[in-house]
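Colleague: I would like a close look at one small part of this model, and at the pieces around it that help to place it.

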Amino acid sequence: MKVNRIENMKGGWFVGNFEPTAYKTPEFEVSYKVHPEGEKWDFHYHTEVTEINYLIRGEMTLQNRLLTSGDIFTLEPFEIADPEFLTNCEIICVKTPSANDKINFKIK
């Protein structure tokens with residue numbers, strides 16, 4: 001058995017085709033993210049990745065929709081992620097495939 005610690009991973013990502021990782025695979029990525037209330041997050045989209053998110057705790061908006069604890073939301077390639085963290089949020093994110101295709105941008 002291998003044992004790792006989340007604090008040894010980069011940005012909460014612990015499964016995927018990168019280092020460090022608890023499990024290396026090109027098929028998907030998994031992270032556990034903690035976003036404090038009011039955190040500023042660049043808007044972004046992916047060109048080939050589908051992103052599936054589970055909002056464990058908190059409230060946020062995305063694409064002008066209110067999301068609350070227990071919501072699972074999926075973003076297909078080219079869908080814009082424009083999060084606003086209304087409270088402290090905890091999210092599990094799964095992306096497939098494991099690819100570095102994120103395009104960040106800011107809206108003025």
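Does Glu90 count as buried or exposed?

Modeller: Before the answer, a word on the basis: this is a predicted model, in which local features need pLDDT of at least 70 and side-chain atom pairs count only at pLDDT 80 or more, while totals for chains, interfaces and linings use all residues. Residues are numbered from 1 along each chain as its sequence is written, and side-chain values use heavy atoms, with hydrogens and water left out.

Glu90 counts as buried, because its relative accessibility is 19% (buried means under 20% relative accessible area, exposed over 50%, and partly exposed in between, with a 1.4 Å probe and protein chains only). The partner of Glu90 is Arg57, with which Glu90 forms a salt bridge whose closest N and O atoms are 2.6 Å apart (a side-chain nitrogen of Lys or Arg within 4 Å of a carboxyl oxygen of Asp or Glu). Since Glu90 belongs to strand β9 and Arg57 to strand β4, this pair ties together parts that are 33 residues apart in sequence (strands are DSSP runs of E, at least two residues long, numbered from the N terminus). Arg57 itself counts as partly exposed, at 47% relative accessibility. Strand β4 also holds Ile52, which is partly exposed as well, at 29%; Ile52 and Val15 are 37 residues apart in sequence and 14 Å apart in space, C-alpha to C-alpha.

The structure holds four salt bridges, and two others help to set the Glu90 pair in context. In one of them, Lys95 pairs with Glu29, the closest N and O atoms being 3.4 Å apart. Lys95 lies in strand β9 and Glu29 in strand β2, so this pair joins parts that are 66 residues apart in sequence. Both partners are on the covered side of the cut-off, for Lys95 is buried with a relative accessible area of 9%, and Glu29 counts as buried at 7%. Another salt bridge links Glu7 with Arg5, where the closest N and O atoms are 2.7 Å apart, and here both Glu7 and Arg5 are exposed.

Lys95 and Glu29 lead on to the largest pocket, whose volume is about 620 Å³. A pocket here is an open set of points on a 1 Å grid over the protein atoms alone, where a 1.4 Å probe fits and protein lies on both sides within 12 Å along at least five of seven lines, and lining residues have an atom within 4 Å of a point. Of the 31 residues that line the largest pocket, the closest to its centre are Trp13, Glu29, Lys33, Lys95 and Lys102. The elements that give two or more residues to this lining include β4 (50-57) and β9 (89-96), together with β2 (29-35). With four residues, β2 supplies the largest share of the lining. Sorted by class, the lining of the largest pocket has 14 nonpolar, nine polar and eight charged residues (Asp, Glu, Lys and Arg count as charged; Ala, Val, Leu, Ile, Met, Phe, Trp, Tyr, Cys and Pro as nonpolar; the others as polar).

To return to the starting point, Glu90 is a buried residue that lies in strand β9 and pairs with Arg57.

Definitions and conventions. Grid points are joined across faces, edges and corners, and a volume is the space filled by probe spheres set on the points.
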